[in-house]
Amino acid sequence: MKVVGVETFGGPEALAVHEVPEPHAGPGTVRIRVQAFAVNPTDTGVREGQRETDTAPPYVPGMDAAGVVDEVGPDVDGWQVGDQVMAMALPLSEHGGAYVEHLVAPVGSFTRIPAGTSIEEAATVPMNGLTALQILARASLSPGDTLAVTGAAGLLGNYVVQLAKQRGITVIADAAPKDEELVRSLGPDHVVPRGDGFAAAVRGIVPDGADALADAAVQREEVVDAVRDGGVFADVRGWEGNGARGIRFERVMVFGEYTSFDLLEELRQAVEDGVLTPRVAEVLPASRAAEAHERLAAGGTRGRFVLTW
């Protein structure tokens, strides 16, 4: 089968299409004929060699895929050939990343695509949706509590805002002028300017600081003052925090949600109910993966580039 990956870690230009042996479903797994896979910021870490691995090249990125089940392994109930599914993948692990023609997926790592949603749209949901749900679980907020969100215009930020509002949380979201209309469409209670002054703007709304902050823009020290004493700071890139003011710094690691079927079902239902809005920036052929990585690195993308075979 064809995969998109790197033989040697490097920049976007290192990505190429490779031929590898075709995998097959084993016990407790299905095989998905991948029709679409999303390009996420975390994919660059796999491409650049930021994660240790003892797997052999080519090294295949990708944590989001959608397609059709074409093999069902032994001891698998409730799934059959022809089911349209969206899945989370784990690069550099036993079953590998999502930039593949066929993905072997353990039961629990996939669910049906939301009704009325395209394959390309569904491919943007699993990993970012699971990350957003983990942020909210770690924040442990109650209805009426306040959540500040950086990077609200990005896809993860989109999902955090929408899922938080579903829970009755008061949301303060950032936006650059060009993104204000998009961010307001997500339904936050307050929109403040992105960048310098974010923390002060949050405290202009809640003088003691927000109960929690979801730092989807990875601004860290620049925005930590937005959080109240003893509040929660959720970081998505492994920051352990600065120990300030009794704040609980949570390192959000979506890898732990690999087989969180109930959460995938929650995301599917949220899309079907109109709570969660999948967002595709552009659909490109898999052969243009390097271009997608280059354009993602350039910034300003709203939604995800989705690659198709």
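## Strand β6

In this predicted model, strand β6 spans residues 102-106 and is mostly covered, with five of its five residues buried. Its side chains go two ways: H102, V104 and P106 point to one side of β6, while L103 and A105 point to the other, and all are buried.

A partner for β6 is strand β3 (residues 29-39), and the two pair in the antiparallel sense over five bridges. If you would like a spot to start from, look at I32, whose bridge partner in β6 is L103.

## Helix α8 and its covered face

Strand β3 turns up again here, as part of what covers the buried residues of helix α8. That helix runs over residues 289-298, and A289, A290, A292, H293 and L296 are buried in it. Viewed down the axis of α8, these buried residues fall within an arc of 160°, so they line one face of the helix. Behind such patterns is a simple rule: an α-helix has 3.6 residues a turn, so residues three or four places apart point the same way.

Besides β3, the cover over the buried residues of α8 includes β1 (2-5), α1 (42-48), β14 (280-285) and β15 (304-308). Just after α8 comes G299, which takes a positive phi of about 85°.

## Where α3 meets α7

Helix α3 (residues 126-139) and helix α7 (residues 261-272) have axes that come within 10 Å and cross at roughly 105°. The two helices are therefore roughly perpendicular to each other.

On the α3 side, the contact is made by P126, G129, L130 and L133; α7 brings L263, L264, E266 and L267. By character, the residues of this contact divide into six nonpolar, one polar and one charged.

Note on methods:
Residues numbered from 1 in each chain as written. Predicted model: local features only at pLDDT ≥ 70, side-chain atom pairs only at ≥ 80, totals over all residues. Heavy atoms only, no water. Axes fitted to C-alpha atoms, helices over the stretch in contact; angles between N-to-C directions. Helix = DSSP H or I, 4+ residues; strand = E, 2+ residues; numbered from the N terminus. Parallel < 35°, antiparallel > 145°, perpendicular 65-115°, else oblique. Contact = heavy atoms within 4.5 Å. Nonpolar A, V, L, I, M, F, W, Y, C, P; charged D, E, K, R; others polar. Buried < 20%, exposed > 50% of the residue type's maximum accessible area, 1.4 Å probe, protein only. Pairing = 2+ DSSP bridges. Arc of directions from axis to C-beta.
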